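Biologist: Could you walk me through reading a ligand site and a strand in a model like this one?
Modeller: Happily; let's look at it together.

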Amino acid sequence: MKDFRPQAHRLADWIADYLENPERFPVLSRARPGQIRDALPADAPEQGEAFDAIFADFERIILPGVTHWNHPGFFAYFAITSSAPGILAEFLAAALNQQAMLWRTSPAATELEAVALDWLRKLIGLPGGFEGVIYDTASVSTLHALAAAREAAVPDVRAKGLAGRTEVGGVRVYCGEHAHTSVDKAVILLGLGHDALTRIPADAEFRMRPDRLAEAIAGDRAAGRLPIAVIATVGSTSSTSVDPVDEIAAICTRESVWLHVDAAYAGVAAMVPGYEWILRGAERADSLVVNPHKWLFTPFDLSALYCRRMDVLRQAFALTPEYLKTSEGDAGVRNLMDTGIQLGRRFRALKLWMIMRHFGAAGLRGHLAEHMRLARLFASWVDASDRFERIAPVPFSVVCFRLRGEATDADHQRILDTINGSGEIFLSHTKLDGRFALRLAIGNLHTTERHVARAWELLTSAARA
Ligand SMILES: Cc1ncc(COP(=O)(O)O)c(C=O)c1O
C-alpha cells in the first residue's frame, strides 16, 4: 500500500472524531436483514482498488449496518467500552502481528500476558497461587476450565475419552439456575452430554442455593455418578446476582469437586473498595474467569482465565510436535500453545497492559464506582415511580424492572421497540421468574447522568403512550 501513511493519518482522525462523538450515529443499526449483503458485489474484485474507494464504501455500506456498542446510549446486554488506549494497542498489535504460540515466537506477548494478568489478579484480590491465561471469550475460558476439571477427575480421559467407560460412572457438572449458557455449551462440547449438567435452583434473589447443591451432589454420589465440577456465578447475565461463592467453595472442597467461578462481567468490581466480598471464597476456587472486554474498557475480545491448577490444564492440552520443539522448552519458559486448544495466540495482553497503565488502578476503580452510582440512581427513579417496579437487587451496574400491574410481554415489547427506534438509547430484556424484565446496563465510559436521565425520560413517555 503506497499511501499507507496518509491513510493511517486519515483513519486516526476518523477514529478520534468517532470517539468524541459517537452520538451522531443511531446506537442501534437501522439496517434491514440482507441490506449489507445485497449492497456488496458477489465476487472479490479481480484488480486491487484504491483505499479511497474502499473507505467510501465502508462509510456508505458498512457503517449503516453497525450497532454502536461504543455509544453512551448503549444500555443493552452488558454495556462495554473500546477505550482509546485499547484502540491504540490494537492498532499496534495488528502491525506487529505477533503469533505467540511459543515463547520464542513472541517473548514480549508471552511475558507481558503474565505481567498484565498478575496486575489484574492483584487488583481483584485473588491470591498468588492463581496463574492467568488470556483467551478470546468467557465461553472459551469456561470450556478450558471444565476440560481441566474433567482431566482432574478422570486422569486417563485424554487417552481414553469417556465413551463407553462404565467404570467412570455418569459424570456430573452443576451450575445455578441463572448461570450463562456457555456452561451448557462447554458440557456439550466436552462430550459429557447436556444431561450431565444439573441447574441448581436459586433463592428469591436469583443466587444459587448451596443447600440444594449439596443435596444434588449427595444424590448423584448415592446413584454412583461422578460429580466433577461446580460453576458459581458472580454477576449472573440476567440480574447480575452473586452466588454465595464461600459456601459453594466449602462444599466443593469437602467433595473434592473442581470449582470454577464465572465472574465474566462483575469480577472487576472486586477492585472497588466495599466490593471485595463478591469474590470471598474464590481464593479456594480452582479457576475463575473475568472479562476485561466486558467492564474494563478493553476492545473486544479479551477474557482472562485464572487457574490454581494450571498444571492440570496443561496436562489436558499440551502436545508438542517436532517442529515446535525449542531449546528454551527446558528452561522454564511458558509456551502459550500449551494452555489450550488453539496453537496461535494473538497479542491481546498489549491492550490490557496499556489500559491499566493509562487509567491507573484509581482511575479504573473510579469509573466502575461511577457506573454503579448511576445504576443506583436509575434504580431510585424506578423505585419512586408509579409506572415501573424494580424486580431484582442492583449489586452492580444493571437494573431489571418492569411495568407495574398486569402488563403483558407485548406491552413491554412495544416499549422496547419505541425506545430502541429512537436511535438514542438501546435497551434489551430478559425474563426473571418467568416475567418479562426490561434491563438497563451501564458500562460505557462516556455514559453520563444525562444519558441515564434521557433513558428514563424515554421510558416514562413510552409507558404513558
Ligand atoms: C456471566 C457470563 N458468563 C459468560 C458470558 C459469555 O461471555 P463471552 O461472550 O465472553 O463468551 C457472559 C456473557 O454475557 C456472561 O454474562
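**The ligand shell and a buried strand**

Modeller: Keep in mind that this is a predicted model. Start with the helices: α6 (138-153) and α11 (292-295) each supply at least two residues of the shell around the ligand.

Biologist: How many residues surround the ligand, and which are the closest?

Modeller: The shell counts residues with a heavy atom within 4 Å of the ligand. Here 13 residues surround the ligand, and the closest are Ala-138, Ser-139, Thr-237, Asp-262 and Asn-291. By class, three are nonpolar, eight polar and two charged.

Biologist: Which side chain has an N or O atom 2.5 Å from an oxygen atom of the ligand?

Modeller: That is Ser-139. A polar side-chain atom of Thr-237 is 2.8 Å from a ligand oxygen, and for an N or O atom in the side chain of Lys-294 the distance to a ligand oxygen is 3.1 Å. As for cover, the ligand taken alone exposes 400 Å², of which the protein buries 87%.

Biologist: Now strand β2: why is it described as largely enclosed?

Modeller: A residue is called buried when its relative accessible area is under 20%. In β2 (residues 171-176), six of the six residues are buried, so the rest of the structure largely encloses this strand.

Biologist: Which strands pair with β2?

Modeller: Strand β4 (residues 226-233) pairs with β2 in the parallel sense over five bridges, with Arg-172 partnered by Pro-227 of β4. Strand β3 (residues 197-200) also runs parallel to β2, joined by four bridges, and there Cys-175 stands opposite Arg-199.

Biologist: And what do β2, helix α8 and β3 make together?

Modeller: With α8 (residues 182-189), they make a right-handed β-α-β unit.

Notes. Residues are numbered from 1 along each chain as its sequence is written. This is a predicted model: local features need pLDDT of at least 70, side-chain atom pairs count only at pLDDT 80 or more; totals for chains, interfaces and linings use all residues. Side-chain values use heavy atoms; hydrogens and water are left out. Buried means under 20% relative accessible area, exposed over 50%, partly exposed in between (1.4 Å probe, protein chains only). Two strands pair if DSSP finds at least two bridges between them. A crossover is right-handed if, with the strands pointing away from the viewer, the path from the first strand over the helix to the second runs clockwise. A polar contact is a pair of N or O atoms within 3.5 Å; within protein, one must be able to donate a hydrogen and the other to accept it, and residues adjacent in sequence count only if both atoms are side-chain atoms. Accessible areas come from the Shrake-Rupley method with a 1.4 Å probe; for residues, only the protein chains shown count as cover. Ala, Val, Leu, Ile, Met, Phe, Trp, Tyr, Cys and Pro count as nonpolar, Asp, Glu, Lys and Arg as charged, and the others, Gly among them, as polar.
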